[in-house]
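Reader: I am in my first year, and I would like to learn how the words used for a structure are tied to values. Could you take me through them one by one?
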Amino acid sequence: MLLLTPILLVPLSVALLCLLVPSRRVMAALGVLAFATTLGLGIALLHEVLARGVVREWSEFLSADALSAWMVLLISVVSLATSLYAGRYFERDMAAGVITMGRVREFFVLTPLFGTGMFLVVLANNLGVMWAAVEGTALSSVLLVALYNRRNSLEAAWKYVILGSLGLALALLGTVFVYAAACKSHPDSLPSFNWSYLMSVARQLDPLQLKLAFVFVFVGYGTKAGFAPMHTWLPDAHSEAPSPTSAMLSGVSLKIALYALLRFHILTTACLDGGPDAGFSGHLLLGFGLFSMLLAPSFILVQRNLKRMLAYSSLEHMGLICTGIALNSPLTIFGALLHMGYHALTKPVLFFAAGNIHQTFHSLEFRVIGPGVGKVLPVTVVLMGLAALSAVGLPPFGLFFSELTIISGGLAAHQITVSVVILVALLASFCGILQQLTRILLGARKPGDHPTDARRSDGVPAMTLLLGSLLLFSVWLPAPLLELMHQAAAIIGGKP
Amino acid sequence: MHPPTTLEISSQVIPLMATLMLVVQLLLIAQRMLLTNIRLFAIQSLLLSGIAAVVAFNYNASHVYVVAVLTFIGKVVFLPWLLNRLVHRIQIHQDVEPLLNAPSSMLICAALTLLGYSVTRPFTSLEKLGNNTLAIALALLLTGFFLMINRRKALTQVLALLTVENGVMLAAVALTTYGMPLVVELGIFFDVMVAVMVLGILVYRIRENFDSMDTGKLDQLKG
């Protein structure tokens with residue numbers, strides 16, 4: 001039975017269908033249906049991968065190993081929650097008159113396309129097709145960022161598309177270099193550009209050329225993954241996009257770019273293995289990961305805008321994931337994969353809550369919305385508070401365990417300095433986020449502030465679904481999922 | 001004609017055409033009229049398409065012919081037409097308002113070209129066709145970046161992005177024997193077309209909202 005093809009075709013056909021459907025409710029329902037289906041297919045893929053190792057379709061054009069299957073699950077969960085939340089969100093926006101039906105349709109067409117692009121990134125075997133798919137996700141999401149057509153959202157979208165396109169041009173150059181290396185090792189024929197083929201000939205590729213290629217690819221996909229100092233588009237795009245889109249950008253899109261980078265990291269490491277520069281790509285990842293982690297807390301502390309602060313928190317988490325992978329011990333890589341999953345369940349809740357706050361107060365500036373949001377939106381604030389406790393890494397939430405895994409893995413690998421730096425950065429962002437959020441969420445409303453009739457509890461299904469599964473998976477990881485993550489960690493660690 | 005002679009001729013023709021691409025790039029940097037800029041980009045793409053055609057003829061590789069034809073249709077005919085239409089629709093001033101004047105831009109671009117040459121020297125052994133094609137490709141990339149910084153109008157930034165893309169495609173021709181697999185070329189082609197349409201939509205909306213295309217005015221989001 002075909003598994004990978006329907007994962008791509010279901011959201012694609014829903015996107016096309018949404019062009020024709022007249023009703024907003026039907027479009028929202030179709031979105032939920034599409035990603036619920038891909039989640040089901042993703043779980044089936046998980047079992048298939050565990051049974052067969054690698055699943056291939058269309059004469060190896062599509063291929064999924066444990067790492068791809070893990071990413072498929074992440075994309076499906078975040079997109080599903082986003083579609084659940086988006087229906088009511090845009091209903092309120094349309095009632096408030098800030099958005100037209102045409103724009104809402106744009107959202108429901110582009111979001112499944114965005115999802116399809118991300119699925120293609122993780123399922124494509126061909127590195128060139130993977131590049132084209134990453135560019136596809138950038139192009140579909142840029143119009144989502146510009147959805148409100150306000151001055152600020154246009155500015156954010158312009159920065160995003162220009163920086164993203166320049167980055168991706170560099171990534172394409174790196175991809176070309178890798179292909180050239182493959183051509184050089186087999187001068188007589190047109191070699192395959194499949195990742196599986198390149199891995200099998202990794203030792204015969206020219207190390208110098210592959211290192212050069214990795215630098216270009218790193219800057220390129222690193223821009224899309226939001227590593228500092230190429231992150232400048234990230235807070236703008238995350239804060240100006242509609243909240244459902246922010247959730248998808250932060251929850252999965254950043255990780256998809258990191259996934260593309262990881263494929264090159266694995267190839268470069270396999271090629272340089274045993275040589276003088278064995279840890280070349282790992283060192284680059286480590287340096288930029290730590291830099292992102294250290295930069296983020298200082299920006300969190302000075303933020304005046306809720307969603308910008310959340311965006312910098314994503315920068316912190318991406319830095320940690322990147323650092324965990326760069327430490328290159330089985331424990332830290334496993335911790336990094338775990339962190340990806342828990343972060344994908346946590347961050348959308350925060351953005352959904354920020355969306356509710358935005359729609360109630362018509363602003364995201366701290367001085368306008370705070371203090372005492374809890375008096376106006378009690379349900380939203382409770383859920384947001386729980387998610388914030390998770391995001392800063394407090395138990396019993398999973399991010400605490402994944403952070404602990406990465407740090408203890410680092411200590412076990414005798415990376416004392418790195419582990420201490422991670423700890424310091426995490427503590428700094430812990431203080432920053434909690435301090436900022438308590439200031440606006442708790443306390444009494446300002447005198448003279450009219451109590452609104454807003455006491456609504458919108459978006460609760462999507463938020464409780466994510467928080468519930470976060471709590472569930474924090475205390476209990478099903479055996480197949482655990483096995484899948486161990487296999488994915490082994491792929492990144494270079495053990496086939 | 002004997003095969004070695006063809007190879008000889010084309011190994012001279014390809015660097016010549018690549019050099020012409022760089023010359024066109026420099027003209028683009030010096031030229032201040034927007035419509036002329038678009039025409040120059042079309043000429044540069046025509047040269048790229050010609051290079052692909054020569055490679056295809058040399059190796060008798062049918063899929064590279066497809067690339068040549070796609071480049072011609074997409075970048076020589078369709079995109080310039082699209083950009084022209086956009087210019088007329090939003091009725092902007094013709095002057096591109098660079099930040100630096102032409103002579104200093106030229107000096108910087110000369111330095112960038114030299115940088116391209118010195119950086120690629122260790123890699124000249126990689127090249128199949130023409131010794132300096134990779135250096136020119138990198139020079140196109142670097143000067144494209146400069147063009148992006150030096151121009152403030154949104155539409156000229158789109159043009160700069162397209163010249164960067166031309167540089168990458170030239171590198172692909174310079175580095176690999178037969179170019180990339182067809183499915184990859186198709187993917188890139190499709191992406192570039194969609195990218196310019198998306199950028200066009202954004203340019204149009206920016207023009208509507210700001211009454212200007214000056215990206216210097218996009219400065220509200222900080223920190």
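Reader: What makes up the surface that chain A exposes?

Author: In this predicted model, chain A exposes about 16100 Å², and carbon and sulfur atoms supply 69% of it; accessible areas come from the Shrake-Rupley method with a 1.4 Å probe, and for residues only the protein chains shown count as cover. For chain B the accessible surface comes to about 9400 Å², of which 67% belongs to carbon and sulfur atoms.

Reader: On what terms are such values worked out, and how are residues and chains labelled?

Author: Residues are numbered from 1 along each chain as its sequence is written, while chains are lettered from A and ligands numbered from 1 in the order in which they are written. Because the model is predicted, local features need pLDDT of at least 70 and side-chain atom pairs count only at pLDDT 80 or more, whereas totals for chains, interfaces and linings use all residues, and side-chain values use heavy atoms, with hydrogens and water left out.

Reader: Why is chain A called as compact as a globular protein of its length?

Author: Consider first its make-up, which comes to 20 helices and 2 strands (DSSP runs, numbered from the N terminus: H or I with at least four residues for helices, E with at least two for strands). The radius of gyration of chain A is 22 Å, and the globule rule gives 23 Å for 496 residues, which is close, so chain A is as compact as a globular protein of that length. The radius is taken over C-alpha atoms, and the rule is 2.2 Å times the number of residues to the power 0.38.

Reader: How do you know whether chain B agrees with a compact globule?

Author: For 223 residues a compact globule would have a radius of gyration near 17 Å, and chain B has 18 Å, which agrees. The secondary structure of chain B comes to 7 helices and 0 strands, and its C-alpha atoms fill a box of roughly 60 × 35 × 35 Å along the principal axes.

Reader: Why is A:Ser140 called buried?

Author: A residue is buried under 20% relative accessible area, exposed over 50% and partly exposed in between, with a 1.4 Å probe and protein chains only. A:Ser140, found in helix H5 (residues 127-145) of chain A, has a relative accessible area of 7%, and is therefore buried. Leaving aside neighbours within four places in sequence, A:Ser140 is in contact (heavy atoms within 4.5 Å) with A:Leu110, A:Leu113 and A:Phe114. Over the whole of chain A, buried residues make up 64% of the 496 residues.

Reader: And what makes B:Arg205 buried or exposed?

Author: B:Arg205 has a relative accessible area of 6%, so B:Arg205 is buried. This residue has its place in helix H7 (residues 182-210) of chain B, and its contacts, apart from neighbours within four places in sequence, are A:Arg103, A:Glu106, A:Ala146, A:Asn149 and A:Leu154.

Reader: How is the size of the interface between chain A and chain B expressed?

Author: The size of an interface is often given as the accessible area lost when the parts come together. Here the area buried between chain A and chain B is about 4200 Å², of which carbon and sulfur atoms give 76%, counted as the accessible area (1.4 Å probe) that two parts lose on being put together, summed over both. A:Arg151, A:Glu155 and A:Trp158 supply 17% of the area that chain A buries against chain B, more than any other three residues. In terms of contacts, 52 residues of chain A meet 47 residues of chain B.
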